[in-house]
Amino acid sequence: MPTFIVFVLLLASSVSASDSKVSQDARSPTESYFMWLWHSRLYLYSAAALVFGLWFLLKKKSVSKDASKEKNDKVDKAAKKNDRETKEVHVSGVKIFYGSQTGTAKGFANELSEEVKSLGLPAEVIDMKDYDPDDQLADECISKSVCVFLVATYTDGQPTENAEWFCKWLEEASTDFRYGKTYLKGLRYAVFGLGNSVYVGHYNTVCKNVDKWLWMLSGRRIMTRGEGDCNVVKSLNGSIQADFLTWKVKFLNRLKTLAKGEKKSCSGKCKTEGSCKNKRKERQEEEKKASPQNNSSEDDLVESSSDEDESGLPDEKKTVLDVEDLGNIMNSVKKAKSKEESQRDGQMVKLSKLNGVQKIEDEGERREMITPALREALTKQGYKLIGSHSGVKLCRWTKSMLRGRGGCYKHTFYGIESHRCMETTPSLACANKCVFCWRHHTNPVGTEWRWKMDPAEKILEDALEKHQNMIRQFRGVPGVKPDRYEEGLAVKHCALSLVGEPIMYPEINNFIRLLHHHQISSFLVTNAQFPQEIRSLVPVTQLYVSVDASTQDSLKKIDRPLFKDFWPRFLDSLKALGEKKQRTVYRLTLVKSWNVEEMQAYSELIALGQPDFIEVKGVTYCGESSASSLTMANVPWHQEVVTFVQQLADMLPEYEIACEHEHSNCLLIAHTKFKMDGEWWTWIDYERFQELIQAYDESGGQQTFSALDYVAKTPSWALFGAQEQGFDPAETRFQRRNKSKDISGC
């Protein structure tokens with residue numbers, strides 16, 4: 001460009017010079033000056049263009065240099081900011097503490113740990129018993145870690161064994177002036193509890209206390225406490241697993257926010273454009289004015305944080321309240337709530353026409369008893385689940401007698417054919433959590449029927465089908481006798497003792513009638529917590545009541561009942577059993593060092609219910625369980641059971657030892673009315689029972705019968721003191737290799 005400008009200037013100068021020479025002599029000096037300016041205009045224009053071009057080039061270069069410098073400065077600032085943010089860690093990791101008895105909380109802790117690690121944060125799972133809060137907990141206040149506490153509530157609202165010391169220390173520290181109210185200031189924590197709302201008054205007590213104690217020591221709660229409910233009826237999400245999943249999602253979202261660094265709450269005054277709070281309010285008001293029709297629906301979606309229901313309050317009282325009016329308003333709220341609850345109860349609950357068990361009227365609102373997690377656990381244990389609350393399983397004695405290797409103690413005591421016995425239950429739920437539960441407390445618990453209910457006909461049909469399918473699996477198996485296999489397909493006996501509390505099932509009477517209609521005898525076991533249901537129960541072949549302890553304290557310790565009035569219920573159940581005319585049995589389970597010393601108390605309970613028979617059995621050890629402290633040391637030897645039974649029988653003037661089944665570690669004490677002419681008649685005439693129950697049903701209950709109406713003579717090999725010790729000589733005794741003695745029982 002400069003070269004082009006110089007060329008134009010030279011051309012213009014040559015033209016101008018020739019013109020000036022021609023007319024220079026004919027003009028005055030002034031005219032000549034102006035003419036010179038006119039003729040030199042190209043010089044002037046070119047010079048001005050040259051100056052402007054040079055200035056523009058220099059300016060452009062300067063601006064470009066400044067822009068480049070500014071850009072570099074911004075890049076440097078951004079890099080410094082990123083470096084600063086990278087170096088600043090808001091969450092150093094997550095420590096997950098668990099207090100668990102059955103292993104559920106521990107499983108949740110491991111599950112949460114994996115989720116936290118997937119976010120790129122370190123996580124550590126800590127058993128509370130391995131952690132010393134006195135030395136270590138204060139360090140969490142400055143380590144920028146987040147502490148999560150997953151704690152279960154155990155018996156009587158107490159913490160689990162592994163969390164006892166942690167909770168004890170936390171409780172004492174929260175009220176100890178030596179620690180001070182700010183001892184845990186800076187600790188960020190979250191709490192999730194595992195409980196069961198069936199235990200009224202103790203629901204999630206431990207998690208509530210842990211949350212309270214941490215808060216009292218100035219710990220910072222990062223989110224609302226979560227409470228999981230094992231009671232599927234009242235669980236907000238249908239099961240404790242679903243409750244934890246819901247809480248876990250909220251926790252992980254909250255953790256992400258913390259990891260990014262929480263922004264300080266806005267003061268309401270921004271650097272520009274005035275107050276952001278005011279602008280937000282104005283914008284909300286404008287939106288409401290623009291769309292008033294959507295206002296109500298949006299308000300419905302907002303969850304109130306208040307625990308009180310304000311729907312019953314007048315509009316003018318929602319804003320300004322006089323102290324004098326506060327009492328009246330609270331009374332109106334309470335009345336509205338009580339009315340609402342009574343209406344709900346009136347709609348949902350009614351009494352069963354069959355046996356008086358409480359039922360919910362609206363079937364569609366009930367939940368299923370078996371949750372997906374429970375279904376998986378029970379299926380893994382070999383249960384064949386039926387519908388939403390029933391199950392069937394093949395007894396090991398059924399398998400044994402198919403091979404001709406002997407029957408169970410019921411075969412010895414009462415003459416049942418073990419290979420033709422179906423073990424089932426129409427209710428997997430139970431009202432106790434016994435320490436020796438051979439199902440390791442995988443079944444649900446409850447004090448009344450609040451689940452969806454399957455019809456009795458469907459339960460029995462599916463139970464028979466599934467039982468027969470399990471029998472068919474033994475077709476062609478080495479050792480299985482063909483005749484026993486064919487007989488096993490035709491069920492003749494039903495033991496309603498698989499798991500849970502069968503008598504809780506509202507249609508239990510209909511179910512028993514169906515069994516008898518199919519010529520199947522009924523052996524029903526109850527845990528002595530439902531006296532009214534025992535009284536309203538139709539006749540069964542043999543009715544059992546489990547008497548696991550003889551005093552209130554030991555029963556609470558062993559059975560761990562859900563009912564607060566468990567002891568009056570227990571005694572009333574024994575009285576109800578004594579009112580029955582058919583065969584009745586007390587089942588005593590001996591737990592060494594727990595209930596074997598209560599001889600006198602047992603005799604008093606026997607006098608209360610006057611049972612026909614008393615089965616005394618050593619507890620069965622079913623392996624280690626986190627839900628129970630039972631060990632092999634609590635299993636009595638057979639000779640110890642014999643000694644106990646002999647001492648007990650000596651205290652009962654109308655009872656004697658009748659039978660023994662050494663293999664099951666079990667003995668039978670029978671009322672002397674079953675000893676006729678010096679011979680025991682403890683066996684059952686099953687054909688005669690079917691005739692009697694048919695006549696009873698046809699007469700509408702008018703033609704009654706008693707236990708002595710369907711007895712059969714007890715064979716000599718089944719009697720106490722016989723050389724066979726209760727083993728049927730028609731069977732072949734099988735001893736496992738390298739096992740000199742089996743004390744595990746049945």
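Which residues of helix α20 (residues 552-559) are buried? The structure is a predicted model, in which local features need pLDDT of at least 70 and side-chain atom pairs count only at pLDDT 80 or more, while totals for chains, interfaces and linings use all residues. Residues are numbered from 1 along each chain as its sequence is written, and side-chain values use heavy atoms, without hydrogens and water.

In α20, the buried residues (under 20% relative accessible area, 1.4 Å probe, protein chains only) are S554, L555, I558 and D559. Viewed down the axis of α20, they fall within an arc of 105 degrees and so line one face of the helix; the arc is taken from the directions from the helix axis to the C-beta atoms. Helices here are DSSP runs of H or I with at least four residues, and strands are runs of E with at least two. The cover over the buried residues of α20 includes α21 (566-578). Just after α20, R560 adopts a positive phi of about 45 degrees.

S239 lies in the loop between β6 (226-229) and α8 (240-260). This residue, S239, counts as buried because its relative accessibility is 9%. Apart from neighbours within four places in sequence, S239 is in contact (heavy atoms within 4.5 Å) with D229, V232 and T371.

Helices α22 (residues 599-609) and α23 (residues 638-650) have axes, fitted to C-alpha atoms over the stretch in contact, that come within 10 Å and cross at roughly 55 degrees. At this contact, M599, Y602, S603 and I606 of α22 meet F644, Q647 and L648 of α23. The residues involved comprise five nonpolar, two polar and no charged, with Ala, Val, Leu, Ile, Met, Phe, Trp, Tyr, Cys and Pro counted as nonpolar, Asp, Glu, Lys and Arg as charged, and the others, including Gly, as polar.

How values were computed
Buried < 20%, exposed > 50% of the residue type's maximum accessible area, 1.4 Å probe, protein only. Axes fitted to C-alpha atoms, helices over the stretch in contact; angles between N-to-C directions.
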